[in-house]
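Here is a short report on how the helices of this chain pack and what they bury. Please keep the structure open while reading.

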Amino acid sequence: PRGDMRGSLLRIASASLVSEIADRITSEDGPNQDLFRLLSETMDRIESECDPEMALLFFILHALKASGFDPELKHCVKCGVEIQPDDHFFAPSDGGVGC
């Protein structure tokens, strides 16, 4: 079912956060068509999906990747070994997961 952005604090907060993130990771030097498309699609998702938090998480992950700040999730950031499902931890200051 289509959500009403005006009637949901969670939808408004999600849209505001998406806008703030987009503002912070862009520069005024030139257009960024990929980010604009992601932003537009995310706003549509926030308004129409049952769970706007999922749309927000989708945006954050894709915006981080588009701006070069995505975390390493497949290999250990310390030694480069492929991460196994049950022997890892997330180390934000190192930029990804470690074994």
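The buried residues of α1 pack against two helices, α2 (33-48) and α3 (52-66). This is a predicted model, so read every contact below as computed from predicted coordinates. Residues Arg 11, Ser 14, Ala 15, Val 18 and Ala 22 are the buried ones in α1. Down the axis of α1, they fall within an arc of 95 degrees, so they line one face of the helix. The face turned away from that buried side carries Leu 9, Asp 23 and Arg 24, which are exposed.

Helix α1 covers residues 9-25, 17 residues in total. From its first C-alpha to its last, α1 reaches 24 Å, close to the 24 Å expected at 1.5 Å a residue.

Just before α1 comes a segment that holds Ser 8. Is Ser 8 buried or exposed? Its relative accessibility is 18%, and the cut-off for buried is under 20%, so Ser 8 counts as buried. The Ser 8 side chain also reaches the backbone nitrogen of Arg 11, at 3.1 Å.

**The second helix**

Helix α2 has 16 residues. At 1.5 Å a residue they should span 22 Å, and the end C-alpha atoms of α2 are 22 Å apart, which agrees. Leu 35, Leu 38, Thr 42 and Ile 46 are buried in α2. Viewed down the axis of α2, these buried residues fall within an arc of 70 degrees, so they line one face of the helix. Gln 33 and Phe 36 are exposed on the other side of α2. What covers the buried residues of α2 includes α1 and α3.

The two helices can be set side by side.

| Helix | Residues | End-to-end C-alpha span | Arc of buried residues |
|---|---|---|---|
| α1 | 17 residues | 24 Å | 95 degrees |
| α2 | 16 residues | 22 Å | 70 degrees |

**The core**

Which residues make up the largest nonpolar core? There are ten: Ala 15, Val 18, Ala 22, Leu 35, Leu 38, Ile 46, Ala 55, Leu 56, Phe 59 and Ala 63. Each of α1, α2 and α3 supplies at least two residues of this core. Helix α3 gives the most, with four residues. In soluble globular proteins, nonpolar side chains tend to be buried together.

Take Ala 63, one of the core residues. Leaving aside neighbours within four places in sequence, Ala 63 is in contact with Ile 25, Leu 35 and Leu 38.

**Outside the core**

Ala 66 is also in helix α3. With 56% relative accessibility, Ala 66 counts as exposed. The C-alpha atoms of Ala 66 and Leu 35 are separated by 7.3 Å, although the two residues are 31 residues apart along the chain.

Asn 32 sits in the loop between α1 and α2. A relative accessible area of 41% makes Asn 32 partly exposed. Between the C-alpha atoms of Asn 32 and Phe 69 the separation is 16 Å, and these residues are 37 apart along the chain.

**Confidence**

The chain has a mean pLDDT of 85, and 93% of its residues reach 70 or more. Where is confidence highest, and where is it lowest? It is highest in α1, at 91, and lowest in strand β1 (residues 89-91), at a mean of 87. Where pLDDT is low, the predicted coordinates should not be read in detail.

Notes: Residues are numbered from 1 along each chain as its sequence is written. This is a predicted model: local features need pLDDT of at least 70, side-chain atom pairs count only at pLDDT 80 or more; totals for chains, interfaces and linings use all residues. Side-chain values use heavy atoms; hydrogens and water are left out. The expected span of a helix is 1.5 Å times one less than its number of residues. Buried means under 20% relative accessible area, exposed over 50%, partly exposed in between (1.4 Å probe, protein chains only). The arc is that of the directions from the helix axis to the C-beta atoms. Contact means heavy atoms within 4.5 Å. A polar contact is a pair of N or O atoms within 3.5 Å; within protein, one must be able to donate a hydrogen and the other to accept it, and residues adjacent in sequence count only if both atoms are side-chain atoms. A nonpolar core is a set of buried Ala, Val, Leu, Ile, Met, Phe, Trp, Tyr and Cys residues joined through side-chain atoms within 4.5 Å. pLDDT is the predictor's confidence in each residue, from 0 to 100.
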